[in-house]
Amino acid sequence: MLERNLPGFSSSLGGAAKGVGKYCIFPLPDYVTDMALVCVEDFEKKAEAHLEKNALDYYRSGAGEQFTLGLNREAFRRLRLRPRCLRDVSRLDISCEIFGERMKWPLGIAPTAMQKMAHPDGEVGNARAAGKAGSIFILSTLSTTSLEDLAAGAPETIKWFQLYIYKDRTITEKLVRRAEKANFKALVLTIDAPIFGHRRADVRNNFSLPSHLTLANFQGIKATGVASSNMGASGINEYVSSQFDPTISWKDIAWLKSITHLPIVVKGVLTAEDAVLAREFGCAGIIVSNHGARQIDTVPASIEALPEVVRAVGDDLVVMLDGGIIQGNDIFKALALGAKTVFVGRPAVWGLAYNGQKGVEEMLSVLRKDFEITMALIGSQTLKDIQPSMVVHESQYAKL
Ligand SMILES: Cc1cc2nc3c(=O)[nH]c(=O)nc-3n(C[C@H](O)[C@H](O)[C@H](O)COP(=O)(O)O)c2cc1C
């Protein structure tokens, strides 16, 4: 690989390139430095090369002028770590338990729609990779694999099902029954999408799901009009406005609770007020999330909203977070501020687009290693050792 099409480069470069910092006195060509994927951004670059514009823009874009999309990253950078030293970190234990299920580490995969557009392995590949890594996988309602096929394809993985509430409550109820039957362990009700946000790129591209793919959970329910496979941007928005119920309110959580024994997690909470209501209406958990900045622009980064939610309900509900997590120290910061676990959306899509299930496995392994390094260098052997005082806002240092 190294010598391929490389006139003038001797094979001894192989050794030199491996010790880049030490021996290399000239800039390396792109494909040499590309050899190892060492961070989530590397997977994103690979994915960019594999995806068509229609799909790439769909996966990467946010709402409006994408201010919050950038903020989801920027806000992590504004937090500083305060490492503690000499604390014997020879043996790390980063496992945790959520709703009675053991996870090997505090990171799961957030629901993202239409994963077969990224790679034929689709949701099954993504979920298998999650299972191998000991992570939870959340299946989107708008998936290109049905929940039954996912359950059959990734039986070992802890699976949760993401749900919307439909105008026709029997559609919602049928999905709940199917999720229960297929051994999903929790329902994740997305509460920040009564309608879809304005994603400019999708409108410009007239985004459409490739014609060989379908929204697999709805095949056969022709009467609802959901089975259409060829949905353009307007098709999907029309579908959402014709099917999703924009009148839903907190009392619908009471209804949902009345029809299922599964724990209910609400996803999309950004305020203490909504967190308190989630507790009042009997939810088991909250995902602090701005939907990957895809719904309404200029809302806070998820990590900025986390502290007020934790202060309000952190002792009573399982508080989790997604949005902008791409490295180990992001995970650490979210846990220090009170999240019990975090989820990644796009990073898994990048892994999938790059190399299917194997690409997600590789991405998760890079992220896990990075988290372990953070844990060791900040002096935390277990998740219980992570203290709020280990993370402070940059403004603390500005005061000095
Ligand atoms: C391409 C894409 C599709 C998504 N589809 C859904 C979905 O179907 N249901 C849902 O609740 N959230 C959906 N989300 C939001 C994710 O669950 C999650 O909140 C977000 O991706 C987290 O941010 P991150 O991508 O920075 O990790 C989607 C996000 C992306 C990027």
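# Reading a predicted model, feature by feature

User: Let's start with a single residue. In which loop does V89 lie?

Analyst: V89 sits in the loop between β1 and β2. Please keep in mind as we go that this is a predicted model.

User: Is V89 buried, exposed or partly exposed?

Analyst: To read this, compare the relative accessible area with two cut-offs: under 20% is buried, over 50% is exposed, and values in between are partly exposed. V89 has a relative accessible area of 28%, so V89 is partly exposed.

User: How far apart are the C-alpha atoms of V89 and G379?

Analyst: Here you set spacing along the chain beside spacing in space. V89 and G379 are 290 residues apart along the chain, while their C-alpha atoms are separated by 6.4 Å. You can read I373, in helix α16, in this way too: its C-alpha atom is 9.9 Å from that of L92, with the two positions 281 residues apart along the chain. I373 counts as partly exposed, because its relative accessibility is 40%.

User: What about E52: in which loop is its place?

Analyst: E52 belongs to the loop between α4 and α5. With a relative accessible area of 63%, E52 is exposed. The C-alpha atoms of E52 and M117 are separated by 9.4 Å, and the two residues are 65 apart along the chain.

User: Now for the backbone. What phi does D88 have?

Analyst: The general idea is that most residues other than glycine have a negative phi. D88 is not a glycine, yet its phi is positive, at about 40 degrees. You will find D88 in the loop between β1 (79–81) and β2 (96–98).

User: And what phi does N183 have?

Analyst: N183 has a positive phi of about 70 degrees, again without being a glycine. The loop that holds N183 runs between α9 (169–181) and β7 (187–190). N183 is partly exposed, since its relative accessibility is 45%.

User: How many residues of helix α15 are buried?

Analyst: For a helix, count how many members fall under the 20% cut-off. In α15, residues 328–336, 8 of the 9 residues are buried, so the helix is mostly covered. Among them are D330 and K333, along with I331, F332 and L335. Just after α15 comes G338, with a positive phi of about 115 degrees.

User: Can we turn to side-chain contacts? Which backbone oxygen lies 2.8 Å from a polar atom of the side chain of S135?

Analyst: A good habit is to locate the residue, check its burial and then look for its partner. S135 lies in the loop between α7 (122–133) and β5 (136–139), and it is buried because its relative accessibility is 1%. Its partner is the backbone oxygen of L107, 2.8 Å from a polar atom of the S135 side chain. Try the habit on Q162, which is in strand β6 (residues 158–163). Q162 is buried too, with a relative accessible area of 1%, and its side chain makes a polar contact of 3.4 Å with the side chain of S140.

User: Which residues are closest to the ligand?

Analyst: P111, S140, T190, D322 and G345 are the closest of the 22 residues that surround the ligand. Next, look for pairs of polar atoms. A backbone N or O atom of A113 is 3.1 Å from a nitrogen atom of the ligand, and a side-chain N or O atom of Y164 lies 3.2 Å from a ligand nitrogen. An oxygen atom of the ligand has a backbone N or O atom of G324 at 2.9 Å. On its own the ligand has 600 Å² of accessible area, and the protein covers 97% of it.

User: Last one: what volume does the largest pocket have?

Analyst: The idea is that rolling a probe the size of a water molecule over the atoms shows where empty space is left. In this model the largest pocket has a volume of about 900 Å³. Its lining has 47 residues, with Y59, H291, G292, R294 and R346 closest to the centre. Elements that each supply at least two lining residues include α4 (40–50), α5 (53–60), α6 (67–77) and α16 (346–378). By residue class, the lining divides into 22 nonpolar, 15 polar and 10 charged residues.

How values were computed
Residues numbered from 1 in each chain as written. Predicted model: local features only at pLDDT ≥ 70, side-chain atom pairs only at ≥ 80, totals over all residues. Heavy atoms only, no water. 1 Å grid on protein atoms, 1.4 Å probe; cavity = no way out; pocket = protein on both sides within 12 Å on 5 of 7 lines; lining within 4 Å. Points joined across faces, edges and corners; volume = space filled by probe spheres on them. Helix = DSSP H or I, 4+ residues; strand = E, 2+ residues; numbered from the N terminus. Nonpolar A, V, L, I, M, F, W, Y, C, P; charged D, E, K, R; others polar. Buried < 20%, exposed > 50% of the residue type's maximum accessible area, 1.4 Å probe, protein only. Near = heavy atom within 4 Å. Polar contact = N/O pair within 3.5 Å; in protein donor to acceptor, adjacent residues only side chain to side chain. Areas by Shrake-Rupley, 256 points an atom, 1.4 Å probe, with all protein chains shown as cover.
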